Amino acid sequence: MAPMGIRLSPLGVAVFCLLGLGVLYHLYSGFLAGRFSLFGLSSEPGGGAAGPAAAADGGTVDLREMLAVSVLAAVRGGDEVRRVRESNVLHEKSKGKTREGAEDKMTSGDVLSNRKMFYLLKTAFPSVQINTEEHVDAADQEVILWDHKIPEDILKEVTTPKEVPAESVTVWIDPLDATQEYTEDLRKYVTTMVCVAVNGKPVLGVIHKPFSEYTAWAMVDGGSNVKARSSYNEKTPRIVVSRSHSGMVRQVALQTFGNQTTIIPAGGAGYKVLALLDVPDKSQEKADLYIHVTYIKKWDICAGNAILKALGGHMTTLSGEEISYTGSDGIEGGLLASIRMNHQALVRKLPDLEKTGHK
Ligand SMILES: Nc1ncnc2c1ncn2[C@@H]1O[C@H](COP(=O)(O)O)[C@@H](OP(=O)(O)O)[C@H]1O
Ligand SMILES: [Mg+2]
């Protein structure tokens, strides 16, 4: 007997049950799966956070979707970078010193961009390994949902999904490249970057310039929204190098290519890779080669490496070794990046840094 004389209509009960089933389906089909998985998030000191090994959808992720989320993450992170710079309250701190004794700086722009970028990627792909330059504060989590829309320019170039095992993927986030220049208000050098590596090989990269709102992306064997220039000067190249972590790069460049070589000091590894490409942004200088001789971290270079690789170019250590984007955070052997040039011939021309003491 229904209490207090309330009669239950069979139709009402059926509609109620159907609604209940719908809610349950929604819960288990991933809408909240990302949310719940965030509570299992582990955060490592000094940056980096690991997710569970298998993806929610049976152990694979779609690289085309990862590209869409990576572009969105770079843009959203860039919005934070711009907002903080425009507020002029950077809360600049030092994380310590680099091996060469330069200040390793961090600002609110780095931290807030990192938070947006990390949680956007982590919510969309809870099972993949994400390595990021800044510390992820597990007590300050944010759920940023992706609307599952893949932009038209990506759909046009990458016409089919590309599934890979989630456990083969490593994502590298640089929430603010060229922090030193950011603190000096040299805005053109600043980028946000995302890279996806599969089995350590860089397969997709995004480099976003928040102050000119330009974004370059490319996927190996997929497509791109950026291309190489039509010609490069191999004989007396214009060489773009670091302005704040230069080491002996000038000496190495002049010794290898002669005194006629033009050296362009610039901030940011993302900016320097874009200098090799056909980029419409007016604030972007152009170069034929990018050389770096000091230690550098993988989040600084992975996106550029993926874009160059997708466009037929190369980024290797100075002795020509490919860089593996798993395991340790940094690389020791310097960098040589080129496109539409004989990369191996360039490697042979360069001096052995260990022998010449130019490291
Ligand atoms: N010797 C070194 N040690 C640590 N980081 C280095 C480095 N040389 C370059 N980097 C990092 O690589 C990026 C590009 O450097 P540069 O502008 O000098 O070419 C910067 O990243 P962040 O700005 O993301 O920290 C910089 O901190
Ligand atoms: Mg960087």
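Here are three short exercises on the surroundings of ligand 1, each with a worked solution.

This is a predicted model, where local features need pLDDT of at least 70, side-chain atom pairs count only at pLDDT 80 or more, and totals for chains, interfaces and linings use all residues. Side-chain values use heavy atoms, with hydrogens and water left out, and residues are numbered from 1 along each chain as its sequence is written.

**Exercise 1.** Work out how many residues surround ligand 1 and how they divide by type.

*Solution.* Start with the shell: 20 residues have a heavy atom within 4 Å of ligand 1. Glu100, Ser242, His245, Gly268 and Lys272 are the closest. Now sort the shell: you get 5 nonpolar, 9 polar and 6 charged residues, with Gly put among the polar ones.

**Exercise 2.** Find which elements and domains supply the shell around ligand 1.

*Solution.* Take the DSSP runs (helices H or I, at least four residues; strands E, at least two). β8 (169–177) and α8 (269–274) each give at least two residues, and β8 has the largest share, with 3. Then go up a level: domain 1 (58–224) and domain 2 (226–353) each provide at least three residues; the bounds come from an automatic or database assignment.

**Exercise 3.** Track down polar contacts (pairs of N or O atoms within 3.5 Å) of ligand 1, then its cover.

*Solution.* First, the side chain of Glu100 puts an N or O atom 2.7 Å from a ligand nitrogen. Next, go to the backbone: an N or O atom of Ala178 is 2.7 Å from a ligand oxygen, and a polar atom of Tyr295 is 2.9 Å from a ligand nitrogen. Finally, the protein covers 95% of the 550 Å² of accessible area (Shrake-Rupley, 1.4 Å probe) that ligand 1 has on its own.

Terms used
Chains lettered and ligands numbered in written order. Polar contact = N/O pair within 3.5 Å; in protein donor to acceptor, adjacent residues only side chain to side chain.
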